[in-house]
Amino acid sequence: MFIPIDYENWDRKEISDAFHGYMYCMTVELDITEFLEKIHESHWKFYPSMCYCIAKTVNEHQDYRYAKINGHVGYFGQVNPHYTLLRTNSNHLFTHQWTDYNEDFAAFHKQFLEDKALAEAGDTLYYPKEDGLNNVHISIMPNTSYTALSYSKPDSFTHYNTPTVSYVPFIMIGKYHEVDGRVKIPITTEFHHAVNDGYHAEQFFHLLEDCCREF
């Protein structure tokens with residue numbers, strides 16, 4: 001699942017060396033009008049559908065699947081959506097869960113709902129299920145249409161000074177709302193500058209919006 005690269009001859013080695021440890025967040029309002037129409041017509045749930053589009057976007061583009069494993073830089077062959085859920089026994093505590101990415105959306109949607117139900121019934125931060133680094137982390141604030149969001153993570157959480165670390169983007173989903181007859185949603189993504197420049201950030205949002213539109 002992890003494919004090492006020839007770091008010394010990597011075309012962005014100089015950039016990676018200079019900007020390792022630098023992270024930045026970018027918030028963009030995406031148009032999901034057609035996406036919502038489709039999932040409502042088909043009686044699909046919003047959260048698994050959006051997680052699928054995010055995972056599909058990341059899995060189709062190597063730039064968003066980089067990591068360092070035991071000191072070796074490379075990329076994951078596949079990443080899985082790792083998402084947050086509110087627990088059924090609390091009005092604010094949450095649990096992490098993940099679902100294997102499957103390009104077959106119907107199969108993914110079914111498995112997501114099964115995994116979701118198990119995790120929501122739990123009472124721990126992480127649902128007791130084997131986890132790995134090959135995840136795209138997704139969270140959601142479904143009641144707020146925000147315009148900006150920033151993160152601050154300690155080294156103890158990011159592990160960027162260790163031989164093993166994931167550079168896969170972290171995504172936050174806000175509340176969708178109508179603007180001039182179109183439905184928009186704020187999406188915030190945290191990128192690691194060692195592997196993702198402004199070009200990659202812009203591309204990510206365009207690709208994700210295209211994926212939603214063609215869903």
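Here's a quick look at the nonpolar cores and the pockets of this predicted model.

Residues are numbered from 1 along each chain as its sequence is written. As this is a predicted model, local features need pLDDT of at least 70 and side-chain atom pairs count only at pLDDT 80 or more, while totals for chains, interfaces and linings use all residues, and side-chain values use heavy atoms, with hydrogens and water left out.

Start with the largest nonpolar core (buried Ala, Val, Leu, Ile, Met, Phe, Trp, Tyr and Cys residues joined through side-chain atoms within 4.5 Å; buried is under 20% relative accessible area, 1.4 Å probe, protein chains only). It has 40 residues, and Ile32, Phe35, Phe46 and Ile173 touch the most other members. Helix H3 (46–59) is one of the elements supplying at least two residues, and H3 gives the most, nine; helices here are DSSP runs (H or I) of at least four residues, strands (E) of at least two, numbered from the N terminus.

A second, separate core has ten residues, including Tyr160 and Tyr167.

Now the pockets: open sets of points on a 1 Å grid over the protein atoms alone, where a 1.4 Å probe fits, with protein on both sides within 12 Å along at least five of seven lines; lining residues have an atom within 4 Å of a point. Volume is the space filled by probe spheres set on the points, which are joined across faces, edges and corners.

| Pocket | Volume | Lining | Among the closest to centre |
|---|---|---|---|
| Largest | About 700 Å³ | 27 residues | His137, Lys153 |
| Second largest | About 470 Å³ | 21 residues | Tyr47, Leu86 |

H3 also gives two or more residues to the lining of the second largest pocket, as do S5, H4 and S7.

Key. Buried < 20%, exposed > 50% of the residue type's maximum accessible area, 1.4 Å probe, protein only.
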